[in-house]
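Biologist: I would like a close look at one turn in this protein, with the backbone and the surroundings treated together. Please state the criteria as you go.

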Amino acid sequence: MKKIFIAAIAIVFLAAGCNQNPPQQNTVTIENNTTSGFDVNKLAQLVKTSTNPQVLEKAINDPNNHINNLDLDKDGNIDYLKVEEPAQNQLSVVDDVSSTDSVTVAKINITPNNNNTTADLNIQGNPQYVGDNNYYHSSFSFTDFLLLSYIMRPHPYYMPMYHYGYYPSYYSRVRTVTYFRPTTSPAMSSRYSSRSSLGSPNRSQRSFGTRNTSNGVRSGGFGSHSSSHGFGGGFGSHSSGRSFGRSGGFGRRR
């Protein structure tokens with residue numbers, strides 16, 4: 001009986017010691033994994049000095065310009081980016097992740113003033129791929145903005161002939177770099193058009209809508225057309241990958 005009493009007292013002391021030293025809790029830090037793999041500021045400079053979208057596309061994919069470090073297909077090489085002209089005065093930079101899946105990296109909107117001597121340049125980068133400094137706005141004169149001449153004259157909308165797995169001869173596969181820091185300028189800022197955080201984008205923020213590749217080439221310039229003129233920065237989904245209207249958004253297209 002005495003042995004049982006001593007054992008019971010020992011158990012009570014052990015239990016009290018455990019309560020005095022509770023197990024430590026691990027602290028988990030959640031980081032923003034926004035990728036900064038594309039330089040919006042350098043894109044603005046290339047837009048200003050390019051004579052047409054094809055020249056711009058070639059400049060974007062020139063590794064010497066150090067504008068792109070995206071590897072969305074995870075093959076270790078920098079992706080080829082193409083330029084599309086979805087509507088009047090508008091361009092977009094697109095990354096074909098696969099033969100059926102693509103993302104819009106940046107949207108470009110050029111607005112000539114009334115006397116056609118200057119123009120406003122607005123670039124909205126996709127924060128998921130360009131980082132925090134994702135918005136660029138500036139004005140340029142006609143002589144300093146070579147692409148303005150192309151925008152002002154009537155022309156077929158430019159649609160690239162290249163796509164995933166089919167690239168121009170000048171494109172060479174270059175390995176991604178470990179440290180890529182986009183440049184900034186006074187014309188840049190951070191602009192989010194969604195109320196929720198883009199660090200963890202929801203389904204509608206990731207969606208860009210369905211692109212219909214069977215549509216024909218349309219005429220550009222200052223003629224009439226049915227596309228929206230708005231440069232909406234919304235991140236919701238929409239039904240046409242060519243639209244830059246208020247319902248337009250960034251993310252993947254299938």
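In the hairpin of S1 and S2, which residue takes a positive phi, and how many residues lie between the strands?

Modeller: The model is a predicted one, in which local features need pLDDT of at least 70 and side-chain atom pairs count only at pLDDT 80 or more, while totals for chains, interfaces and linings use all residues. Residues are numbered from 1 along each chain as its sequence is written, and side-chain values use heavy atoms, leaving out hydrogens and water.

The residue is Asn89, with phi near 65°, and the hairpin has 2 residues between its strands. Asn89 belongs to the loop between S1 and S2, and its positive phi occurs in a residue other than glycine. Its relative accessibility is 11%, so Asn89 counts as buried (under 20% relative accessible area; exposed is over 50%, and partly exposed lies in between, with a 1.4 Å probe and protein chains only).

The two strands that flank this loop are S1, residues 81–87, and S2, residues 90–96. Strands here are DSSP runs of E of at least two residues, and helices are runs of H or I of at least four, both numbered from the N terminus. S1 and S2 run antiparallel and are joined by 5 bridges; two strands pair if DSSP finds at least two bridges between them. One of the residues involved is Leu81, whose bridge partner in S2 is Asp95. Of the 7 residues of S1, 7 are buried, so this strand is largely enclosed by the rest of the structure.

A second residue invites comparison. His66, in the loop between H3 and S1, also has a positive phi in a residue other than glycine, near 50°. His66 is exposed, at a relative accessible area of 52%, whereas Asn89 is buried.

The wider setting of the hairpin is a protein of 6 helices and 8 strands. From the N terminus, the order of elements is α-α-α-β-β-β-β-α-β-α-β-α-β-β. Of the 254 residues, 44% are buried. The accessible surface amounts to about 14200 Å², and carbon and sulfur atoms hold 51% of that area; such areas come from the Shrake-Rupley method with a 1.4 Å probe, and for residues only the protein chains shown count as cover. Among contacts (heavy atoms within 4.5 Å) with a separation of 6 or more, 67% link residues 24 or more positions apart.
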